[in-house]
Structure formats: structure tokens, C-alpha cells
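Me: Hello! I am new to this one and would love a close look at a single part of it. Please take me through it slowly and explain the terms as you go.

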Amino acid sequence: MRKLILLSGVILLVSVSLSFAREVPFTQEDRDRLIRLETRLEEGLKAVNQRIDLTEKSLSQRIDGLKDEVKSVRELLYVVIGGIFVLIGFVIWDRRTALAPAVRKQKELEEREEKVERVLKELAKRDPKVEEV
């Protein structure tokens, strides 16, 4: 029985290996099919390359549009910053011009106060009643 099983296994192994060893015939139909597949593959690659080119052009246009938008935002930012500096300059100028009369008046009052003190001191030297006050 063992010999029979061993013999059938060997025969099976030899038959399987022989079936794989056979050469498969390559027919004209197979060749034509491969040529058609190659043609379709080349057409598909051309279509993919065209789509990639269109996508690149579209992206390039979008990037150029974004660059223009960034440029306009940057210009707007410059205008806003310039306006802020002009406003600060105007506020400083306005404060100085508004305070200038008050500063002049204060100086006049201080000078007048000093004159009054000097006159009172002079008068106090001559008049004892003023000196007591």
C-alpha cells in the first residue's frame, strides 16, 4: 500500500511538472491584442498628460490671481498704515496748537504773579502794615 501511494504521488508530481513545462503557443491573435493594449495605454497616457497640463495651467492661473490679491491687500495695508501715521501726526499737531495759547497765558500769569510779589515786597519795606500781612 505504501508503495502504491508513493508511486501515485511520484506520478502526480511528474505530471504536474510536465504540465507546467509545456510551452504556451503565442498566436497572431495574442500579438494583435497586445498591440491594441499598447495603443490604448499610449492614448491613456496622452490623455493623462493633457489633464496634468491643464491642471498645471489652472493652478498657475489661480496662483497668479492669489499673487494679485496679496499685492492689493499689501497696498491696502500700506495705505492704512500711512493713514494711521497721518492721523497721529494730526493729533500731535492739534494738541500743540490747542495747548499753545494756554501755555502762553500761564507764562503771562506767572510773570504777573512775580511782578505782584516784587511790588508787595517793595511796599512792605516802606509800609509796616503791609509788612505784617
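What is the relative accessible area of Phe90, and is Phe90 buried or partly exposed?

Reply: Happy to help! Phe90 has a relative accessible area of 47%, so it counts as partly exposed. On this scale buried means under 20% relative accessible area, exposed means over 50%, and partly exposed is in between, with a 1.4 Å probe and protein chains only.

A word on the ground rules. This is a predicted model, in which local features need pLDDT of at least 70 and side-chain atom pairs count only at pLDDT 80 or more, while totals for chains, interfaces and linings use all residues. Residues are numbered from 1 along each chain as its sequence is written, and side-chain values use heavy atoms, leaving out hydrogens and water.

Now to the neighbour of Phe90. A search of the whole structure turns up 1 aromatic pair. Its partners are Phe90 and Trp93, tilted with 5.9 Å centre to centre and 35° between the planes. To pair, rings of Phe, Tyr and Trp (its six-membered ring) need centres within 6.5 Å; planes under 30 degrees apart are stacked, over 60 edge-to-face, and the rest tilted. Trp93 is exposed, at a relative accessible area of 52%. Both residues belong to helix H2 (residues 28-126), where they sit 3 residues apart, about one turn of the helix. Helices (H or I, at least four residues) and strands (E, at least two) are DSSP runs, numbered from the N terminus.

Helix H2 also carries other features. Phe85 is in helix H2 and is exposed, with a relative accessible area of 59%. Phe85 is one of the members of a nonpolar surface patch, together with Leu76, Leu77, Val80, Ile81, Ile84, Ile88 and Ile92, and the patch has about 750 Å² of accessible area together. Patches take residues with over 30% relative accessible area and no salt bridge, joining like charges within 9 Å and nonpolar side chains (Val, Leu, Ile, Met, Phe, Trp, Tyr) within 5 Å. The areas themselves come from the Shrake-Rupley method with a 1.4 Å probe, and for residues only the protein chains shown count as cover.

There is a charged patch too: Glu108, Glu110, Glu111, Glu113, Glu114 and Glu117 gather in negative charge on the surface. Of these, Glu111 lies in helix H2. Asp and Glu count as negative, Lys and Arg as positive, while His and the chain ends are not counted. A charge is placed at NZ of Lys, CZ of Arg, CG of Asp or CD of Glu.

Side chains of opposite charge can pair when their charged atoms come close. The structure holds 1 salt bridge, in which Arg33 meets Glu29 at 3.2 Å, N to O. The term needs a side-chain nitrogen of Lys or Arg within 4 Å of a carboxyl oxygen of Asp or Glu. Arg33 and Glu29 are 4 residues apart in helix H2, so about one helical turn separates them. Arg33 is partly exposed, at 41% relative accessibility.

Finally, some distances. Val48 lies in helix H2, and the C-alpha atoms of Val48 and Ala100, 52 residues apart along the chain, are separated by 77 Å. Ile5 is in helix H1 (residues 2-21), and 129 Å separates the C-alpha atoms of Ile5 and Arg104, which are 99 residues apart along the chain.
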